[in-house]
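Hi,

Here is the structure I promised to pass on. Have a look at it first, and then read my notes below.

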Amino acid sequence: MSDYHFDRLKVLVVDDNVHMRKLVTTILQAFGVSQILEAESGERAWAVLRESNPDVIILDWVMEGMSGVELIRMI
């Protein structure tokens, strides 16, 4: 895995459960990802996405308000 440069990735983690966001963030950090953005809702994720242009989005499908499916349709 030395050929992978996870430190260059910008990842957006979207989940309405704070504990799940923390778990995913910890796993990403263990892989060497240093640019991790978080959003607690689809609406917030849309704003972060437009501001930061992440390389990867890890997204919860089922959330209150805008669901993950709705966010994907907007993207």
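Let's start with helix α2, which covers residues 42-52: G42, A45, V48, L49 and S52 are buried there. How wide is the arc that the buried residues of α2 fall within, seen down the axis? It is 115°, so these residues line one face of the helix. On the other side of α2 you'll find R50 and E51, and both are exposed. And what do the buried residues of α2 pack against? Their partners are the strands β1, β2 and β3 (56-59), plus helix α3 (68-74). One thing to keep in mind while you look around: this is a predicted model.

Now step just past the end of α2, to N53. This residue sits in the loop between α2 and β3. Its phi is near 50°, which is a positive value in a residue other than glycine. For context, most residues other than glycine have a negative phi. N53 is also exposed, with a relative accessible area of 59%.

Next, the aromatics. A pair of rings is described by the distance of the centres and the angle of the planes. The count here comes to two aromatic pairs. In the pair of Y4 and F6, the ring centres are 5.9 Å apart and the planes are at 20°, so this one is stacked. The cut-off for stacked is under 30 degrees. F6 also pairs with F31: those centres are 5.6 Å apart, and with the planes at 65° the pair is edge-to-face. What does the pair of F6 and F31 tie together? F6 lies in the segment before β1 (10-14), while F31 is in the loop between α1 (18-30) and β2 (35-39), so the pair joins parts that are 25 residues apart in sequence.

Put together, ring pairs link Y4, F6 and F31 into a cluster. How open are these residues? Y4 is exposed, at 56% relative accessible area. F6 counts as partly exposed at 24% relative accessibility, and F31 is partly exposed too, at 45%.

Back to helix α1 for a moment, since R21 is found there. Is R21 buried or exposed? At 11% relative accessibility, R21 counts as buried, because the cut-off for buried is under 20%. Leaving aside residues up to four places away in sequence, R21 touches V13, D15, D16, E38, A39 and E40.

The loop between β1 and α1 holds N17. This residue is partly exposed, with a relative accessible area of 36%. If you follow the chain from N17 to M63, the two are 46 residues apart, yet their C-alpha atoms are separated by 8.9 Å.

Last, have a look at the surface. Which residues form a nonpolar patch there? They are I57, W61, V62, V69, I72 and I75, and together they have about 560 Å² of accessible area. One of them, V69, lies in helix α3. V69 counts as partly exposed, at 32% relative accessibility. So α3 turns up twice in these notes: the buried residues of α2 pack against α3, and V69 of α3 belongs to the surface patch.

That's what I have so far. Give me a shout if you want to go through any of it together.

Cheers

Definitions and conventions: Residues are numbered from 1 along each chain as its sequence is written. This is a predicted model: local features need pLDDT of at least 70, side-chain atom pairs count only at pLDDT 80 or more; totals for chains, interfaces and linings use all residues. Side-chain values use heavy atoms; hydrogens and water are left out. Rings of Phe, Tyr and Trp (its six-membered ring) pair if their centres lie within 6.5 Å; planes under 30 degrees apart count as stacked, over 60 as edge-to-face and the rest as tilted. Buried means under 20% relative accessible area, exposed over 50%, partly exposed in between (1.4 Å probe, protein chains only). Helices (H or I, at least four residues) and strands (E, at least two) are DSSP runs, numbered from the N terminus. The arc is that of the directions from the helix axis to the C-beta atoms. Contact means heavy atoms within 4.5 Å. Patches are made of residues with over 30% relative accessible area and no salt bridge: like charges are joined within 9 Å, nonpolar side chains (Val, Leu, Ile, Met, Phe, Trp, Tyr) within 5 Å. Accessible areas come from the Shrake-Rupley method with a 1.4 Å probe; for residues, only the protein chains shown count as cover. A salt bridge is a side-chain nitrogen of Lys or Arg within 4 Å of a carboxyl oxygen of Asp or Glu.
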